[in-house]
Amino acid sequence: MRRIRFPFGSTPSRTANEPRLGRDVYVLGVIAFFVMVGFGVVVPVLPVYVKSFGVGNLEIGAVVSAFALMRFVASPVCGKLIDWAGERTILAVGIGIVAVSSGLVGIAGSYPQLLLLRGAGGIGSAMFTVAAMTLLLRTTAPGIRGRAVGFYQGGFLIGGMAGPALGGLLATISLTAPFFFYAGTLAVAGVIGLVLLQPATRVAAGGTGAAAPLLPLRTVLRDPRFRAACLANFSQGWSSFGVRGALVPVLVVEVLKGPSAWTGIAFAIAAVAQTLALAPASRFVDTVGRKPAIIGAFLVAAVTITAIPFAPNIVLLTVLLCVYGVAAAFMGTAPAASVGDAAGSAGGRPVAIFSMFSDFGAIVGPLVAGLLADTVSYPAAFLLGGLLFVATSLYALRMPGGLPAQPAPEPPAPAAADPLDR
């Protein structure tokens with residue numbers, strides 16, 4: 001009998017047995033969208049709002065840093081809270097804290113109140129971030145972890161693109177309106193999480209229903225996959241969230257002599273490129289491997305970010321940011337999937353540590369890059385970020401190759417005895 005060939009080498013049995021994204025993944029993607037829409041609404045308005053309290057640029061920077069600093073401080077506690085109360089509960093509580101603190105920011109009566117409320121929001125943000133990623137990695141099969149992370153990050157990216165435009169419209173009503181809107185979107189996200197996310201259950205690898213023992217944290221910390229992922233998150237926090245976000249807007253105004261609106265347009269186009277690249281990047285991470293994705297993407301990012309300060313015009317700068325965005329699609333999915341591979345059933349603490357590396361890079365990176373830009377040059381500031389990306393690629397060479405082992409399928413249940421056989 002002739003063998004029937006199917007497109008792309010697939011077969012019906014393989015398609016039927018291929019793991020699919022679970023409901024929690026889709027729910028987390030929707031939650032990420034609502035969270036990021038609100039966050040994007042607040043970001044462009046926050047510096048102007050803080051300025052209305054009669055303070056200077058240092059105090060504005062302190063409000064921004066307070067959020068990131070409290071995220072960093074709170075992350076270790078979040079891992080223990082997740083192990084105690086479960087991801088769904090900590091996620092909802094974290095979102096609730098950010099929602100309440102954001103609403104109160106809109107009615108803050110003084111700068112110290114504003115500073116304290118933004119710091120409290122950072123604690124809630126850490127709880128949400130660590131809980132969401134822990135749940136995502138725990139409930140997703142190894143073979144589709146990259147696609148799960150990609151879908152989740154897609155929610156953030158799409159929300160992040162829509163948020164600033166809404167923020168501009170709301171700011172025409174009132175400087176405080178975006179903060180109340182943010183509190184509303186967070187309330188929606190929290191309700192979605194409580195209602196639709198499944199309660200935490202830890203199932204043993206053999207599918208017997210017994211609770212799986214937690215993998216010792218020291219075992220995870222020694223795993224080169226986890227170490228490479230943490231270094232990747234640190235370098236991303238330093239360069240993507242720090243150097244790129246802090247220096248590119250200044251570069252556009254001071255070096256290219258363009259209006260600040262150019263920065264928003266360039267970042268928006270790069271975000272579209274990253275969003276379009278997420279699906280193929282996620283599939284590459286799941287089908288080819290985490291190691292080649294990290295090595296290749298971080299090398300491309302190193303070359304790109306080093307070239308950014310030499311861009312002669314806004315068009316070439318936008319092209320470079322788009323290339324960086326495509327690389328960022330791989331840089332966001334592969335390290336997170338590697339954490340899931342290494343941590344297994346280790347609970348929330350490995351994800352908390354992984355998150356801390358990004359926060360620490362985002363805190364220190366802008367300070368060092370700004371100092372280098374002031375005392376040496378813009379290219380030197382971007383070069384340091386590129387060197388961190390190269391270091392990540394080199395360390396990733398220590399990671400094991402191939403794909404993570406798939407869990408063994410459960411044996412079929414024995415067929416019921418036929419009464420006619422008796």
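**View 1. The whole chain: 15 helices and zero strands.** Helices and strands here are DSSP runs (H or I over at least four residues, E over at least two), numbered from the N terminus. This is a predicted model, so local features need pLDDT of at least 70 and side-chain atom pairs count only at pLDDT 80 or more, while totals for chains, interfaces and linings use all residues. Residue numbers run from 1 along each chain as its sequence is written, and side-chain values use heavy atoms, with hydrogens and water left out. Of the 422 residues, 47% are buried, meaning under 20% relative accessible area (exposed is over 50%, partly exposed in between; 1.4 Å probe, protein chains only). Take the contacts with a separation of 6 or more: 85% of them join residues 24 or more positions apart. A contact is heavy atoms within 4.5 Å.

**View 2. Where to trust the coordinates, going by pLDDT (the predictor's confidence in each residue, from 0 to 100).** The protein averages 85, and 87% of the residues score at least 70. Among the elements, helix α12 (residues 290–307) has the highest mean, 97, and helix α1 (residues 12–17) the lowest, 47. Residues 1–15 stay under 50, with five contacts beyond four places in sequence. Residues 203–211 are also below 50, and have nine contacts beyond near neighbours in sequence. Where pLDDT is low, the predicted coordinates should not be read in detail.

**View 3. Helix α7 (residues 145–173) against helix α11 (residues 261–287).** The two pack at about 170°, axes 8 Å apart. That angle makes α7 roughly antiparallel to α11, the label for anything over 145 degrees (under 35 is roughly parallel, 65 to 115 roughly perpendicular, the rest oblique). Axes are lines fitted to C-alpha atoms over the stretch in contact, and angles run from 0 to 180 degrees between N-to-C directions. Look for Gly150, Gly154 and Leu157 among the α7 residues in the contact, and Ala268, Ala271 and Leu278 among those of α11.

**View 4. The largest nonpolar core, with 56 residues.** Such a core is a set of buried Ala, Val, Leu, Ile, Met, Phe, Trp, Tyr and Cys residues joined through side-chain atoms within 4.5 Å. Leu28, Phe128 and Tyr152 are among the residues with the most contacts inside. Helix α6 (residues 111–138) supplies the largest share, 13 residues. Beyond four places in sequence, Leu28 touches Leu91, Ala132, Leu135, Leu136, Tyr152 and Leu197. A second, separate core of 43 residues includes Val252, Ala297, Ala328 and Met331.

**View 5. Thr318 in helix α13 (residues 314–343).** Thr318 is buried, at 13% relative accessible area. Leaving aside neighbours within four places in sequence, Thr318 is in contact with Ala266 and Ile269.
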